[in-house]
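Colleague: I am new to this structure and should be grateful for a close look at a single part of it. Please take the salt bridges as the starting point, and then describe the region around them.

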Amino acid sequence: MKKNLFILSFIFLIFSYLYGQKAPKNVILLIGDGMGPVQVEALSYLKSGKPAVMTQFPYHGISNTNNLRDSITDSAAGGSALSTGKKTLNGHVATDENGHPNENIVEWVSRENNMGTG
């Protein structure tokens, strides 16, 4: 996992450099529960066809958050997959299948890069 987080941080810093931006001072991880592409698109219909602000951000991503053993995922397992980079069982929050804690991305960024996180 540390290797994946390092690669993710490295890619982010490279994009920041390429686009003439300073390295980020702080990192905020937002996880929208139950918020997939269809829900975001529905928001624009509610706003009379105007795009949601979040769709105008320069970077977007899509992830698969199936739980460790099944394709039907609850909020705990889905949020854990997004925040730790590792899949877990339904009903588990940021732990492996044996209940041992998985470090989340926010903790790693804070520790490794001495950044404010939220």
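Modeller: A search of the whole structure, which is a predicted model, finds 3 salt bridges. One of them joins Glu97 to Arg69, with the closest N and O atoms 2.3 Å apart. Because Glu97 belongs to the loop between α3 and α4 while Arg69 belongs to the loop between α2 and α3, this pair ties together parts that are 28 residues apart in sequence. The two partners can also be described by their accessibility. Arg69 is exposed, at 61% relative accessibility, whereas Glu97 is partly exposed, with a relative accessible area of 38%.

The other bridges involve Arg111. This residue forms a salt bridge with Glu103, in which the closest N and O atoms are 2.1 Å apart. The side chain of Arg111 also meets that of Glu112 in a salt bridge, at 3.0 Å from N to O. Glu103, Arg111 and Glu112 are thus linked in a network of salt bridges. As for their surroundings, Glu103 counts as partly exposed at 22% relative accessibility. Arg111 is likewise partly exposed, with a relative accessible area of 44%, and Glu112 counts as partly exposed at 44% relative accessibility.

The bridge between Glu97 and Arg69 leads to the two loops that hold these residues, and each loop has a further residue that deserves attention. In the loop between α2 (37-46) and α3 lies Asn67. At 6% relative accessibility, Asn67 counts as buried, in contrast to Arg69, which counts as exposed at 61%. The side chain of Asn67 makes a polar contact of 2.9 Å with the side chain of Asn90. Apart from neighbours within four places in sequence, the residues in contact with Asn67 are Ile72, Thr73, Ala77, Lys87, Thr88, Leu89 and Asn90. Lys86 may be considered as well: 19 residues separate Asn67 and Lys86 in sequence, and their C-alpha atoms are 9.2 Å apart in space.

The loop between α3 (75-84) and α4 (105-113) contains Ala94. Its relative accessible area is 18%, and Ala94 is therefore buried, the limit being under 20%. The backbone of Ala94 is also worth noting, with a phi near 55 degrees, a positive value in a residue other than glycine. Most residues other than glycine have a negative phi.

Between these two loops stands α3 itself. Of the 10 residues of α3, 8 are buried, so the helix is largely enclosed by the rest of the structure. The buried residues are Ala76, Ala77, Gly78, Gly79, Ser80, Ala81, Ser83 and Thr84, and they pack against α4. Ala77 also appears among the contacts of Asn67. The two ends of the helix may be taken in turn. At the N-terminal end, Asp74 caps α3, with a side-chain oxygen 3.3 Å from the backbone nitrogen of Ala76. Following α3 comes Gly85, which has a positive phi, near 80 degrees.

A surface feature can be added to this account. Leu82, together with Leu29 and Ile31, forms a nonpolar patch on the surface, and the accessible area of these residues together is about 210 Å². Leu29 is located in the loop between β1 (26-27) and α2. With a relative accessible area of 33%, Leu29 is partly exposed.

Finally, the region may be placed within the whole. The secondary structure of the chain consists of 4 helices and 2 strands, and from the N terminus on these elements run α-β-α-α-α-β. Of the 118 residues in the chain, 22% are buried. The chain exposes about 8700 Å², and carbon and sulfur atoms supply 60% of that area. Among contacts in the chain with a separation of 6 or more, 32% are between residues 24 or more positions apart.

Conventions: Residues numbered from 1 in each chain as written. Predicted model: local features only at pLDDT ≥ 70, side-chain atom pairs only at ≥ 80, totals over all residues. Heavy atoms only, no water. Buried < 20%, exposed > 50% of the residue type's maximum accessible area, 1.4 Å probe, protein only. Contact = heavy atoms within 4.5 Å. Polar contact = N/O pair within 3.5 Å; in protein donor to acceptor, adjacent residues only side chain to side chain. Patch = residues over 30% accessible without salt bridge, like charges linked within 9 Å, V, L, I, M, F, W, Y side chains within 5 Å. Areas by Shrake-Rupley, 256 points an atom, 1.4 Å probe, with all protein chains shown as cover. Salt bridge = Lys/Arg side-chain N within 4 Å of Asp/Glu carboxyl O.
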